[in-house]
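Subject: Structure for your review

Dear colleague,

Please find the sequence and the structure below. I would be grateful if you could read the notes that follow with the structure open.

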Amino acid sequence: MTSGITVVMAVRNGEATIRLTLESLLDQTLPPERIVVIDDGSTDATVEVAEAVGQRRPGTIMVRSQPNAGFAAALRGAVTFVDTEFVAIADADDWHVPQRLERSLSLMLESGADMVGGQVTGRLGGRLRLAPSRFPTAPSAIARRVSAGLDPLPHITMMVRRDGFDRFGSYRDLRRSADLELMLRWAHRGARLAVSPDVFAVYSFRPEFFSVEAQTRWMICTRYARAIAPLPDGDVQDFAQWFSRQRLGPPRREAVQRVARLTARLGVGMLQR
């Protein structure tokens, strides 16, 4: 019996982490039929490491390289190689629990959803852990997050129906927050969403992620993603045009709050060890 699942991954300079990620995907209780890795202009040994892991199960991992074009363009390209009914997303620096794909597919089939996901926990370096996320699972609560412009589920746990990219559109060409924009746009266009209470993956945080400056830049891109997600493709404003009318105060306050929440989750995660 085949799973009907293809995992797609965009990566740039991921030689230090991609082996662990790919091995966690190969070791799933319901293994994917294929893993499509788009190398986005890496200057390290990412391709060589991915191909070496692929020797464990020849024909499963397909690696394609392109000049650096960004996360969204790489994932958009990866989707074009998918010929299975379901598509799962993975980043090159995270670890996926062995039951992730099996539980995702079960939730997809039971709920009839177009997009599903689960919870994540996080790690900072080799030892520090963050408390698990608490994304809501009730349909009404998921709808409230979408209405508020918040991500309804962690992108690294996302599984969708392949034909959803035809019905609701693929990743728009954003350097940041393309994942949030896609999830919100699908929901606005009628996609059905479901979220599991189970942890599906361990997310890798980098120290700079806890910087207010980095989070301010992220929040600006997040606000842009929220603004364009409900719009028809022909009405999407250019980022520079949109940004020229924005005030930096609100994104910076949001960034400070986000850093505080992440730090609190780190403290709780340490206490739970």
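The notes below go from the chain as a whole to its cores, its aromatic rings and two individual residues.

Please bear in mind that this is a predicted model. The chain has 273 residues, of which 52% count as buried. Its secondary structure comprises ten helices and nine strands. Among the contacts with a separation of 6 or more, 79% are between residues 24 or more positions apart. The exposed area of the chain is about 12800 Å², and carbon and sulfur atoms supply 52% of that area.

I turn next to the nonpolar cores. In soluble globular proteins, nonpolar side chains tend to be buried together. The largest nonpolar core here has 39 residues, and the members that touch the most others are Val 8, Met 115, Met 158, Phe 165, Tyr 171 and Trp 186. Helix H7 gives this core its largest share, six residues. A second core, separate from that one, has 28 residues, including Val 49, Leu 107, Ala 113 and Val 116.

The aromatic rings deserve a paragraph of their own. A pair of aromatic rings is described by the distance of the centres and the angle of the planes. The whole structure contains four aromatic pairs. In one of them, Phe 71 and Tyr 171, the ring centres are 6.3 Å apart and the planes meet at 75°, so the pair is edge-to-face. This pair links distant parts of the chain, 100 residues apart: Phe 71 belongs to helix H3 (residues 71-79), and Tyr 171 to the loop between helix H6 (164-168) and H7. The two partners differ in burial: Phe 71 is partly exposed because its relative accessibility is 26%, whereas Tyr 171 is buried, with a relative accessible area of 2%.

Phe 165 and Trp 186 also make an edge-to-face pair, at 5.3 Å centre to centre and with 75° between the planes. Since Phe 165 lies in helix H6 and Trp 186 in helix H7, the pair ties together parts that are 21 residues apart in sequence. Phe 165 counts as buried at 7% relative accessibility, and Trp 186 counts as buried at 0%. Ring pairs join Phe 71, Phe 165, Phe 168, Tyr 171 and Trp 186 into a cluster.

What else does Trp 186 touch, not counting residues up to four places away in sequence? Besides Phe 165, its contacts are Asp 114, Met 115, Val 160, Arg 161, Gly 164, Phe 168, Gly 169 and Ala 191. Ala 187 also lies in helix H7, which covers residues 178-188. With residues up to four places away in sequence left out, Ala 187 touches Val 146 and Leu 193. The C-alpha atoms of Ala 187 and Asp 114 are separated by 9.4 Å, although these residues are 73 apart along the chain.

Finally, may I draw your attention to a residue in another helix. Thr 21 is found in helix H1, residues 18-26. Thr 21 counts as buried because its relative accessibility is 0%, and the cut-off is under 20%. Its side chain reaches the backbone oxygen of Ala 92 at 3.2 Å. Beyond its neighbours within four places in sequence, Thr 21 is in contact with Ala 92 and also with Met 9, Asp 91, Asp 93, Asp 94 and His 96.

With kind regards

Definitions and conventions:
Residues are numbered from 1 along each chain as its sequence is written. This is a predicted model: local features need pLDDT of at least 70, side-chain atom pairs count only at pLDDT 80 or more; totals for chains, interfaces and linings use all residues. Side-chain values use heavy atoms; hydrogens and water are left out. Helices (H or I, at least four residues) and strands (E, at least two) are DSSP runs, numbered from the N terminus. Contact means heavy atoms within 4.5 Å. A nonpolar core is a set of buried Ala, Val, Leu, Ile, Met, Phe, Trp, Tyr and Cys residues joined through side-chain atoms within 4.5 Å. Buried means under 20% relative accessible area, exposed over 50%, partly exposed in between (1.4 Å probe, protein chains only). A polar contact is a pair of N or O atoms within 3.5 Å; within protein, one must be able to donate a hydrogen and the other to accept it, and residues adjacent in sequence count only if both atoms are side-chain atoms. Rings of Phe, Tyr and Trp (its six-membered ring) pair if their centres lie within 6.5 Å; planes under 30 degrees apart count as stacked, over 60 as edge-to-face and the rest as tilted. Accessible areas come from the Shrake-Rupley method with a 1.4 Å probe; for residues, only the protein chains shown count as cover.
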